[in-house]
Amino acid sequence: MIICAAAALLAATEWISVAEPHEGLRSAGVVAKTFVNEAPVVEAKWTVSGLGVFTCYVNGREVGAEDVLKPGFTHKEKRRNSFTYDVTPFLRRAAGATNVLAAVLTSGWWSDGIIGRGRGRENAFRGELTLGGQTVVTDASWVGARRGPVIWAGIHEGEYYDAREEIDLGAAETFAAWKAVVPNTEFAGVLDPLEGAKVGRRAPLKPIASWSVAGKRVYDFGQNCAGVPRFTIRAKAGVVFNYRLGEMLNDGVEDHHGDGPKDTVYLANLRGAASHMAYVTKEGLQVYIPKHTFYGYRYLQFDELSAADFELVAVESVPVSSVTASLERGTLEVGEKDVNRLIRNVYWGMLSNYLSVPTDCPQRNERLGWTGDTQVFAKTAGYFADTRGFFRKWMRDLVDSQEADGYFPDVAPRGCFGGRGQAAWGDAGVIVPYRVWRQFGDEEIVRENWPAMVRYIEALDRTDYTMQRGGWVLADWLSYENISTNQRLCWQNGTLTDEHLSYQNYLNACYLVWDAELMTEMLPVVAADRRLKDAAWFTALGARTRARILTTWFKPDGSLIDLFAGMQTPRLMALKIGIGDTKRLARELVDIIRANGDRLATGFVGTGELPEVLGKIGAYDLVWTLILQHEFPGWLYSVDQGATTVWERWNSYTKAKGFGDVGMNSFNHYAYGSIVGWIFEEGAGIQPGAEPGYRRFVLAPHPDRRLGSLTATYRTDFGEIRSAWSYAGDRCTWTFTIPEGTAAEVHPPCGGAARVYGPGTYTL
Ligand code: BGC
C-alpha cells in the first residue's frame with residue numbers, strides 16, 4: 001500500500017517552467033508555491049533538481065546554498081542529478097502555518113551555448129517536499145513569472161543581475177498575481193541523486209593589487225582560477241556596473257597580439273564565451289555574488305564610474321570547485337622554488353577544472369569534459385584529492401555519452417564540441433576507472449562500468465581501432481614533433497596527410513594493447529561476471545594487436561619505421577607497452593631528448609607517459625632534468641613567464657613575443673600537470689602496491705640532488721603516509737612514515753634489497 005502511494009506521488013511530480021515567454025533579454029524565471037501545514041512538522045526533506053542551474057528557497061532563505069551551480073553538468077538527454085536537503089529548520093512548523101517555496105531558474109548546462117545543438121529550450125524545476133504524511137510536489141498548482149533580479153545567466157554567457165528588481169521570495173504576496181506554471185516535458189531521462197562532484201566555494205582570495213589605467217579600474221587576485229567575484233558596493237540606484245574577468249594582462253607591446261593598452265585585462269582568448277557580467281545597483285550598501293555562472297580569471301576590470309554614484313567597498317575572488325577542502329589528500333614541497341610554483345599551478349589547475357565534470361579549461365567557450373585531458377591528469381588528481389565520488393559521477397556521464405557502436409567520445413558529457421574518441425581520449429573509459437581502483441581500491445567503479453568498457457574494447461577490436469581518412473585526428477595533441485597536431489598541420493589542402501593518419505592509428509593500436517592489459521588486471525574485480533570476456537580473450541586481442549603494430553610500424557630488426565625518425569612519443573609508446581627492440585628504442589629516446597637540448601617535444605599524450613617510461617628505462621635523472629628545464633618546451637618555461645596555473649601551450653604567453661594563437665590559448669589547462677602524479681609516485685615514491693589502495697603499498701623514491709629536498713604527505717583511508725628526503729652535500733637522508741594498520745615494501749633509494757616495514761617512522 002505504502003509503495004503504491006509513493007509511486008503515485010512520484011508520477012504526480014512534474015518538471016515545471018514559467019509560462020510567460022522570454023521578455024527581451026529576460027530569460028531567467030522564478031517559480032513558487034505557498035502551502036499550509038496539515039499537521040505539525042517534525043521532519044521535512046526537499047528533493048530538488050533543475051533543467052538549468054537553479055537556486056531554491058524556503059520562506060525566502062536559500063536552501064543548499066553550500067552547493068553552488070546545482071544540478072551540475074550531465075548528459076543533456078539522459079541524466080539529471082537531484083539534491084535532498086533537510087529543510088526542517090527552514091519551515092514554520094505549526095499545524096496550519098503557511099510556508100513558501102521558490103526557485104530561480106537559469107540556463108546552466110541545459111540551454112546555454114555550452115550544450116550546443118539539441119540544447120533544452122526552457123529551464124525547469126522539479127521538487128518533492130515531504131513533511132511526514134504531507135507532500136508538496138512541483139505541479140500545476142505552482143506559479144511562475146519572469147521576475148526577480150536575475151535577468152539572464154548561462155555558463156558561457158555570464159550573469160546579468162538587476163538589484164532593483166529584487167523580490168521577497170519568502171512572502172506569499174510576491175506571487176499573488178503570478179500565472180500558473182506549465183509542465184515541461186523536454187527531459188525524459190533518469191533522475192538520480194548526485195553522489196559525488198558537488199560544486200562548492202573555496203576560501204576567497206583578496207586582491208593583491210589594483211590600479212587605474214585607460215579609463216579602467218583593474219584588480220589582481222594573484223591567482224588564476226575558476227570562480228566568481230564577490231562585491232561589496234555602496235551606490236546610488238540604477239548604476240550599471242559592467243565588468244569583465246580575464247586571465248592575463250595586456251603587456252602593451254606592439255606585435256604582442258594583445259587586445260588593449262598595457263595593464264588592461266586580455267579577453268581575446270575567451271573566444272565565443274561572452275562571459276559577460278552586468279550588475280545594476282540598488283540604493284545603499286549591497287553585496288553581490290553571481291550564483292548562476294562561473295568564470296576563469298585572475299583579473300577583474302571595469303570602466304571607472306563616478307565616485308559620487310558608485311564605490312566598490314570591497315571585492316574578493318571566490319574559487320568554485322568540486323574539490324572541497326575535505327577531499328584533499330596530498331601535499332608536495334621541494335627545495336626548488338620554481339618547481340614548487342609548478343606544483344601549485346597544477347594544484348590550482350585541478351581546483352579550477354574539477355568542476356562538476358573534469359574540464360579542459362574554465363574560461364573560453366568550451367569548459368567541457370575532454371576525455372584525453374581527463375585521462376592524462378587522473379593520476380595526479382588521485383594524489384591531490386579523493387576522486388572516487390567525482391569519477392563515479394563522471395563515468396556515468398561518459399557511459400551516457402558512449403556511441404551506439406561502443407566507442408567512447410572525446411568529450412563527456414556531450415557538449416558544444418567533440419566527437420568520436422581516439423587514442424588517449426576514448427581510452428579514458430578504461431584508464432580512469434583503472435586509476436581510481438588502483439589508487440583507492442574502489443572496486444565499485446570497475447564493476448559499474450565493466451559492461452560499457454567491454455563494449456568499448458569490442459568496438460576497438462571490430463575496427464582494429466583504426467581511424468578513417470576524412471576524420472579529425474588529435475594524435476599527440478599540441479606536440480612539437482615532426483608529425484604534429486600543433487599548428488593544425490594535419491591538414492594539407494584540406495585533407496588529412498597519410499603521415500598523420502598512420503601516426504594516429506599507431507597511437508590507437510598502442511592504446512589498445514594497454515587497454516587490454518588494464519582490462520586483464522581489473523578482471524579479478526568482476527570475477528563473478530565472467531560471461532563478460534575472460535583473460536584469454538584480452539590476451540589474444542593484445543597479441544593480435546602487437547603483431548599488427550610490428551608489421552605496420554616496425555622494421556624486421558625491431559626499430560621503428562622511418563616515418564617516426566627523431567620522434568619521442570612513438571618511442572615512448574613502444575617502450576610503454578614493451579614492443580620492438582626496446583634496448584635500442586630506449587637508447588634512441590634518450591639520445592633524441594639529449595640532442596634536443598634536454599628538452600621534451602611531446603604533446604598531451606606523450607607528456608603524460610614520458611616520465612613513467614623514462615623511469616622504466618632507468619633514466620630518472622633525465623626526468624628531473626626535464627622538470628628543472630627552464631627552456632621551451634618545458635614546465636618551468638611557463639612558470640618563468642608568470643603562470644599561476646598550467647597553460648594549454650608552454651608558450652601561451654611569452655615575455656618576448658606576447659600572446660600565442662588566440663584561436664586556442666587557455667591559461668588554465670591542466671593536461672601537462674600530469675607531471676605532478678609522477679613526482680608523488682616516483683619522486684616521493686608513494687605508490688599503491690600489488691593490492692590496490694594503500695593497505696599494503698610501495699615506497700620507492702628517486703631523489704635528485706638538484707632539488708635539494710622533497711617532502712610529500714598523502715592521506716590514505718588508513719592514515720597519513722609521509723616521504724621526505726633531503727641532501728646535505730652528496731648525502732641524502734630519507735625519512736618515511738607508514739600509518740597504523742598498513743605495511744610498505746620499501747625500496748631504499750641508495751640501492752639494496754627491498755624490505756617490508758610496518759607502521760612507524762624511519763630514517764635511512
Ligand atoms: C581542448 C583540448 C582538447 C582538444 C582536443 C581543445 O579545444 O581544449 O584540451 O583535448 O581540443 O581536440
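How many bridges join strand β34 to strand β38, and in which sense do the two strands run? Strand β34 (residues 696-699) and strand β38 (residues 743-746) run parallel and are joined by 4 bridges, where helices (H or I, at least four residues) and strands (E, at least two) are DSSP runs numbered from the N terminus, and two strands pair if DSSP finds at least two bridges between them.

The model is predicted, so that local features need pLDDT of at least 70 and side-chain atom pairs count only at pLDDT 80 or more, while totals for chains, interfaces and linings use all residues. Residues are numbered from 1 along each chain as its sequence is written, and side-chain values use heavy atoms, with hydrogens and water left out.

**Sheets**

The strands β34 and β38 belong to an open sheet of 4 strands with the order β33-β34-β38-β39 and mixed pairing. Its edge strands are β33 (686-688) and β39 (755-757), each of which pairs on one side only, and the twist averages 30° from one strand to the next, an angle taken from 0 to 180 degrees between N-to-C directions of axes, which are lines fitted to C-alpha atoms, for helices over the stretch in contact. Within the sheet, L699 stands opposite V746 in β38.

Another open sheet is formed by 6 strands in the order β5-β4-β7-β2-β10-β13, with antiparallel pairing. Because β5 (61-63) and β13 (179-180) stand at the edges with a single partner strand each, one side of each is left without a neighbour in the sheet. Strands of a sheet pair through backbone hydrogen bonds, either parallel or antiparallel.

The table lists strand pairs with their bridges and an example of facing residues.

| Strand pair | Sense | Bridges | Facing residues |
|---|---|---|---|
| β2 (residues 29-36) and β7 (residues 98-105) | antiparallel | 8 bridges | K33 and L101 |
| β3 (residues 44-51) and β6 (residues 79-86) | antiparallel | 4 bridges | K45 and D86 |
| β6 and β15 (residues 190-193) | parallel | 4 bridges | S82 and P193 |
| β26 (residues 330-334) and β35 (residues 709-715) | antiparallel | 5 bridges | T331 and T713 |

Strand β6 is mostly covered, with 6 of its 8 residues buried, where buried means under 20% relative accessible area, exposed over 50%, and partly exposed in between (1.4 Å probe, protein chains only). Along β26 the side chains alternate: G330, L332 and V334 point to one face and are buried, whereas T331 and E333 point to the other and are not.

**Helix packing**

Helix α5 (residues 388-400) and helix α7 (residues 444-463) pack at an angle of about 5°, with their axes 11 Å apart. The two helices α5 and α7 are therefore roughly parallel to each other, a label for angles under 35 degrees, as opposed to roughly antiparallel over 145, roughly perpendicular at 65 to 115, and oblique for the rest. The contact (heavy atoms within 4.5 Å) is made by F391, R392, M395, R396 and V399 of α5 and by E444, I445, E448, N449 and A452 of α7.

**Nonpolar cores**

A nonpolar core is a set of buried Ala, Val, Leu, Ile, Met, Phe, Trp, Tyr and Cys residues joined through side-chain atoms within 4.5 Å. The largest one has 196 residues, and those with the most contacts inside it are W450, Y506, M522, I549 and L699. Helix α8 (residues 498-522) supplies the largest share of this core, 13 residues. Not counting residues up to four places away in sequence, W450 touches M519, M522, L523, V526, L532 and F538. Apart from the largest core lies another of 27 residues, among them F35, C56, F125 and V181.
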